[in-house]
Amino acid sequence: MKNIILTGFMGTGKTTVGRLLAERDGRRFVDTDEWIATQTGLSVAEIFRQEGESRFRQLEAAAALELAGQEGLVIATGGRFMLDPANALDLGRNAHVFCLTAAPDEILARLRDEIGQRPMLAGADAAGQIRRLLLERAEGYGQFAQVETSGKTAAAVAAEILARTAAGEGANHLLSPTRLPVQGPDGRYDVIVGHDLLSRVGELAAIGQTAVVISDETVGPLYATHLRDLPPTAAPILLPAGEPYKTLASVQMIYGALLAAGLDRHGVIVALGGGVIGDMAGFAAATYLRGVAFVQCPTTLLAMVDASIGGKTGVDLPQGKNLVGAFKQPQAVIADLETLTTLPAVEIAAGLAEVVKSGLIAAPAILKQLETGAWLPAPGTPRPNYHSLCLRAIQVKRDIVAADPYEAGVRAHLNLGHTFGHAIEQVSGYRVRHGEAVAIGLVAAAHLSARLGHADTALQQRLEALLTRLRLPVRIPADLAPEALLRAMGSDKKKASGRLRFVLLRGVGAVFVTADVPQTAVLATLRALAQP
Ligand SMILES: NC(=O)c1ccc[n+]([C@@H]2O[C@H](COP(=O)([O-])OP(=O)(O)OC[C@H]3O[C@@H](n4cnc5c(N)ncnc54)[C@H](O)[C@@H]3O)[C@@H](O)[C@H]2O)c1
Ligand SMILES: [Zn+2]
């Protein structure tokens with residue numbers, strides 16, 4: 001029996017109607033706010049007060065994942081719960097979803113006695129706040145089947161929903177593509193995630209001007225012809241694939257090809273590929289003619305969840321990773337999940353390493369999701385659906401880069417595992433993939449954190465179990481000498497006043513930056529994790 005999900009603004013009767021519905025239809029009733037209160041022993045208002053809204057949203061994500069695995073439920077959701085596209089995808093996948101609506105005055109009348117307990121209505125002007133929030137959420141709520149409740153009894157509303165469920169309504173709300181707005185330093189742009197989007201890039205990214213596509217020799221032949229709605233454009237610029245080519249020489253080659261294509265200051269560069277192409281094309285877009293517009297079409301999981309968002313671009317030097325670069329915000333990021341069907345499983349795994357990183361930084365629900373699902377495609381089986389997982393990881397990155405676009409503070413958290421990881425990539429001559437090096441780097445960060453007394457050793461164990469499950473490495477290859485890695489770490493950018501800075505962990509969702517790490521401890525971690 002598919003679940004029935006009720007969404008809508010507070011005061012539209014989700015709980016009252018939901019209880020009645022459950023009773024009449026022999027289902028179990030769950031209210032997500034109550035579910036969260038039971039899990040945490042705190043009321044919603046207390047969670048907002050003590051731990052902040054972002055913690056509450058994490059608990060909602062956990063509820064979505066947990067309840068999506070159950071059947072025969074009526075679920076009344078918090079007012080913003082289903083407006084999170086990842087929650088809507090997970091909970092709505094096998095359910096009938098209805099949005100209850102009511103006139104603003106009726107909402108105010110229904111809520112009059114409990115305004116004090118509603119964190120979203122805090123402040124003097126509750127009526128004004130209700131109108132503002134309704135307007136803000138109109139588009140989000142509008143994607144679900146609507147049930148008007150003004151002037152109706154709860155019993156009448158419940159009867160209507162039962163009849164409409166029996167008629168199959170509410171089962172196919174539009175969730176693809178999903179849009180996640182990112183607040184960049186020079187304006188807002190959208191990360192659009194869905195299926196079969198490449199053919200609509202011109203429309204979705206609002207590209208009116210001449211565009212030049214930059215891709216690599218693997219991705220270009222597979223997908224460049226899918227970009228059907230771009231304005232007339234020159235032939236794609238194709239670079240050799242892989243990190244060894246993320247160099248100034250490649251960028252110079254790009255400049256030459258852009259000039260040959262006649263791209264002027266009003267043109268736009270479209271990056272079609274993984275993080276290597278995105279980083280280089282972005283750097284070219286930041287510098288060519290002192291800057292032209294830029295659109296990211298990531299085709300690896302890693303680029304979708306991480307590299308394409310936040311505006312960091314650049315190239316490697318022989319001395320180290322990403323040592324030359326620029327901040328360049330894209331005008332849109334369009335992630336077509338369909339492209340993942342040709343991405344080799346090792347590359348999917350590499351992307352999952354950055355997803356694990358996001359989970360460790362700020363989203364315990366992501367780790368749960370990874371620990372329970374089957375995320376690596378077995379040969380010959382259909383690919384898992386990465387949509388909601390991608391969205392959750394993107395949200396972590398989005399919130400951090402919006403708060404700190406130029407890495408003056410909290411953005412450094414995204415470098416968790418990367419001080420070790422970059423050294424491993426570089427010393428291995430880029431034989432070890434970025435995502436794989438990050439996986440080992442995350443284990444190293446957990447090891448070092450425990451060694452310095454910040455975290456429990458259980459964290460490293462949990463992490464190793466998860467990464468191994470995702471077929472990612474957790475030990476440093478034997479041919480990479482700890483001393484060489486330590487030297488390479490010395491040229492990492494993440495130094496402050498000559499001291500190496502590390503992102504360490506106290507636990508899941510609790511990372512911090514410190515320069516207070518003795519070299520002997522770093523070396524001990526490198527030795528402890530060296531493959532025998
Ligand atoms: N700018 C940032 O904020 C940021 C964040 C994370 C990582 N990065 C950078 O991203 C890079 C790693 O990115 P990556 O893992 O995407 O590597 P990548 O770009 O090298 O892609 C990996 C491989 O997959 C191939 N490929 C890509 N899409 C494919 C598809 N759909 N089907 C088949 N093959 C496909 C590529 O040709 C390449 O061989 C690193 O250089 C890293 O430093 C940047
Ligand atoms: Zn990375």
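In the predicted model, His 418 is buried, its relative accessible area being 6%, and this residue is one of the protein donors of the zinc ion (ligand 2). The donors comprise Glu 354 through OE, His 418 through NE2 and His 434 through NE2, at distances of 1.9 to 2.1 Å from the zinc ion. Along the chain, these donors of ligand 2 follow the spacing E-x63-H-x15-H. The two histidines link distant parts of the chain, with His 418 in helix α17 (residues 418–427) and His 434 in helix α18 (residues 434–451), 16 residues apart. His 434 is likewise classed as buried, because its relative accessible area of 18% falls under the 20% limit that defines this class.

Ligand 1 is surrounded by 27 residues, of which Asp 216, Glu 243, Thr 300, Lys 321 and Thr 342 come nearest. By class, this shell consists of eight nonpolar, nine polar and ten charged residues. Nitrogen atoms of the ligand approach polar atoms of the protein at several places: a polar side-chain atom of Thr 342 lies 2.7 Å from a nitrogen atom of ligand 1, and an N or O atom in the side chain of Asp 279 is found 2.9 Å from a nitrogen atom of the ligand. At Thr 339, by contrast, a backbone N or O atom takes this role, lying 3.0 Å from a nitrogen atom of ligand 1. Of the 860 Å² of accessible area that ligand 1 has on its own, the protein covers 90%. Two or more residues of the shell are given by each of the elements α10 (219–223), α12 (275–287), α13 (301–307), β13 (320–327) and α14 (345–362).

The structure also holds four aromatic pairs, among them that of Phe 327 and Tyr 406, which is edge-to-face, with 5.0 Å from centre to centre and 85° between the planes. This pair links distant parts of the chain, since Phe 327 belongs to strand β13 whereas Tyr 406 lies in the loop between α16 (387–403) and α17, 79 residues apart. Phe 327 counts as partly exposed at 37% relative accessibility, and Tyr 406 is likewise partly exposed, at 46%.

Another of the aromatic pairs joins Trp 375 and Tyr 386, whose rings are tilted, with centres 6.1 Å apart and an angle of 35° between the planes. Trp 375 and Tyr 386 both lie in the loop between α15 (364–372) and α16, so the pair ties together parts that are eleven residues apart in sequence. Trp 375 counts as buried at 11% relative accessibility, and Tyr 386 is buried as well, at 3%.

Helix α16 itself contains Arg 392, a residue that is buried, with a relative accessible area of 4%. The side chain of Arg 392 is joined to that of Asp 90 by a polar contact of 2.6 Å.

Notes. Residues numbered from 1 in each chain as written. Chains lettered and ligands numbered in written order. Predicted model: local features only at pLDDT ≥ 70, side-chain atom pairs only at ≥ 80, totals over all residues. Heavy atoms only, no water. Near = heavy atom within 4 Å. Polar contact = N/O pair within 3.5 Å; in protein donor to acceptor, adjacent residues only side chain to side chain. Areas by Shrake-Rupley, 256 points an atom, 1.4 Å probe, with all protein chains shown as cover. Helix = DSSP H or I, 4+ residues; strand = E, 2+ residues; numbered from the N terminus. Nonpolar A, V, L, I, M, F, W, Y, C, P; charged D, E, K, R; others polar. Donors = N, O, S within 2.8 Å, 3.2 Å for Na, K, Ca; no water. Buried < 20%, exposed > 50% of the residue type's maximum accessible area, 1.4 Å probe, protein only. Phe/Tyr/Trp six-rings, centres within 6.5 Å; stacked < 30°, edge-to-face > 60°.
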